[in-house]
Amino acid sequence: MTKRAYNFYAGPATLPLLALKKAQNEILDFKGSGMSLMEISHRSKQYAKVHSEASTLVKELMGLPNDYKVLWLQGGASTQFYMVPLNLQKKGKPMEYVNTGAWSKKAIKECKFYGDVNVVASSEDDTFSYIPKDIKFSDDAAFAHITGNNTIYGTEYHKWPDVPSTVPLTCDMSSNIMDKVIDTKKFGVIYAGAQKNIGPAGVTLVIVREDLLDRVPDNTPTMQKWKTHSEKDSLFNTGPCWAIYMCKLCLEYLKELGGVSAIEKINRDKAKILYDVIDKSDGFYKGHAKLDSRSLMNITFNLQTPELEAQCVTEGLAKGLVGLKGHRSIGGMRASIYNAMPIEGVQALVDFMKEFQENNQ
Ligand SMILES: *Cc1c(COP(=O)(O)O)cnc(C)c1O
């Protein structure tokens, strides 16, 4: 058995061991075909089954109503930053965003290529340490956009903002898709780069309510329309077959665990263990996010000095705890504990943190 590190990287991130093993077993000979799935046509019956199972798993696990389409696209969540306004714009209507961090800002920047953007709420005044309350979108907005979980700052929405019934709510769920049960009907569009919570890098999951597919202007290049991909079930061109296959294996594993409600419970337990150590450290560890905005997925914290933080990262690494350095833009430390991080990994981290505190305070 190869030694597995506990991997706290923010993304690409740890994957379920059983999904990796399944892939390992099938890598040379996919289900008796004598070929690797990587070598098989994206139009073959073998791949078609994988493709449709992956989409079905998303629908099942998220409880998607029938009028939602599941798309597997490329270009990362960053490409959706422009595809959202491109596909949802409405002449003369403002596009409204909440700014909760670096990823929101990038989304806002891209939207500005398409027209006026209203930033209706922001937490920039306090280093994005919270999710704004009382968010109000206007009735005539073309769409509303939020970032479900702020990977860099470690904050997450625990209650979705209300939107006027005519305004589709759009959410970047790259780092919290399927971390908890949500009412998907509240959303018009959900998108997520796969590499944090549901699979490897190389594919982006986009979920779109059917009625929104027709808004896109006619003079839009074919590949940039969600409608193109929806009509061809994400097989308009050669998609990232292997990445979609890996997502399927990860989602299958999630389903076997008991689905999103089961993982939500585990995620809450994992986050609590970690936040408890921070809260009971007498200020040795200082959490970045405000209590009511704390992320279940990315736990961000600081020590007294950058030197001590660097020492903590290095000593953690020596114990097989990888990827604890905070994002370069805010420093400090970050433990990303996505769905695939086992509770044993979090336990190993808190044991180390307690010991590190004893030795260094
Ligand atoms: C990582 C991340 C992105 C960027 O995703 P790419 O797939 O690399 O484009 C966007 N939004 C959020 C919230 C992220 O965490």
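This report covers the two domains of the chain, the interface between them, and a set of salt bridges.

The model is predicted: local features need pLDDT of at least 70, side-chain atom pairs count only at pLDDT 80 or more, and totals for chains, interfaces and linings use all residues. Residues are numbered from 1 along each chain as its sequence is written, and side-chain values use heavy atoms, with hydrogens and water left out.

## Domains and their interface

The domain assignment splits the protein chain into domain 1 (18–257) and domain 2 (258–360). These bounds come from an automatic or database domain assignment. The C-alpha centres of the two domains are 27 Å apart. Domain 1 brings 29 residues to the contact and domain 2 brings 27. Contact here means heavy atoms within 4.5 Å.

The size of an interface is often given as the accessible area lost when the parts come together. Domain 1 and domain 2 bury about 2,300 Å² between them. Of that area, 54% is on carbon and sulfur atoms. Buried area is the accessible area (1.4 Å probe) that two parts lose on being put together, summed over both. On the domain 1 side, Ile152, Asp179 and Leu257 supply 21% of the area buried against domain 2, more than any other three residues.

Polar contacts also cross the interface. Between domain 1 and domain 2 there are 21 residue pairs in polar contact, both residues at pLDDT 80 or more. A polar contact is a pair of N or O atoms within 3.5 Å; within protein, one must be able to donate a hydrogen and the other to accept it, and residues adjacent in sequence count only if both atoms are side-chain atoms.

Strand E7 (155–156) and helix H6 (241–257) each supply at least two residues of the domain 1 side that touches domain 2. H6 gives the most to that side, with four residues. Helices (H or I, at least four residues) and strands (E, at least two) are DSSP runs, numbered from the N terminus.

## Salt bridges

The rule finds 21 salt bridges. Each is a side-chain nitrogen of Lys or Arg within 4 Å of a carboxyl oxygen of Asp or Glu. Two salt bridges lie across the interface of domain 1 and domain 2. The table lists some salt bridges of the model.

| Pair | Closest N to O distance |
|---|---|
| Asp292 and Lys133 | 2.7 Å |
| Lys22 and Glu252 | 3.9 Å |
| Glu53 and Lys248 | 2.9 Å |
| Lys272 and Asp276 | 2.7 Å |

Helix H6 has a part in two of these pairs. Lys22, in helix H1 (residues 17–26), pairs with Glu252 in H6, 230 residues apart. Glu53, in helix H2 (residues 45–62), pairs with Lys248 in H6, 195 residues apart. Lys22, Lys49, Glu53, Lys248 and Glu252 are linked in a network of salt bridges.

Exposure varies within this network. Buried means under 20% relative accessible area, exposed over 50%, and partly exposed in between (1.4 Å probe, protein chains only). Lys248 counts as buried because its relative accessibility is 5%. Lys22 is partly exposed at 35%. Glu53 is partly exposed at 25%, and so is Glu252 at 22%.

Lys272 and Asp276 sit in helix H7 (residues 259–279). They are four residues apart, so about one helical turn separates them. Asp276 is partly exposed, with a relative accessible area of 24%.

## A buried threonine

Thr228 lies in helix H5 (residues 226–231). Thr228 counts as buried because its relative accessibility is 10%. Leaving aside neighbours within four places in sequence, Thr228 is in contact with Thr222 and Phe236.
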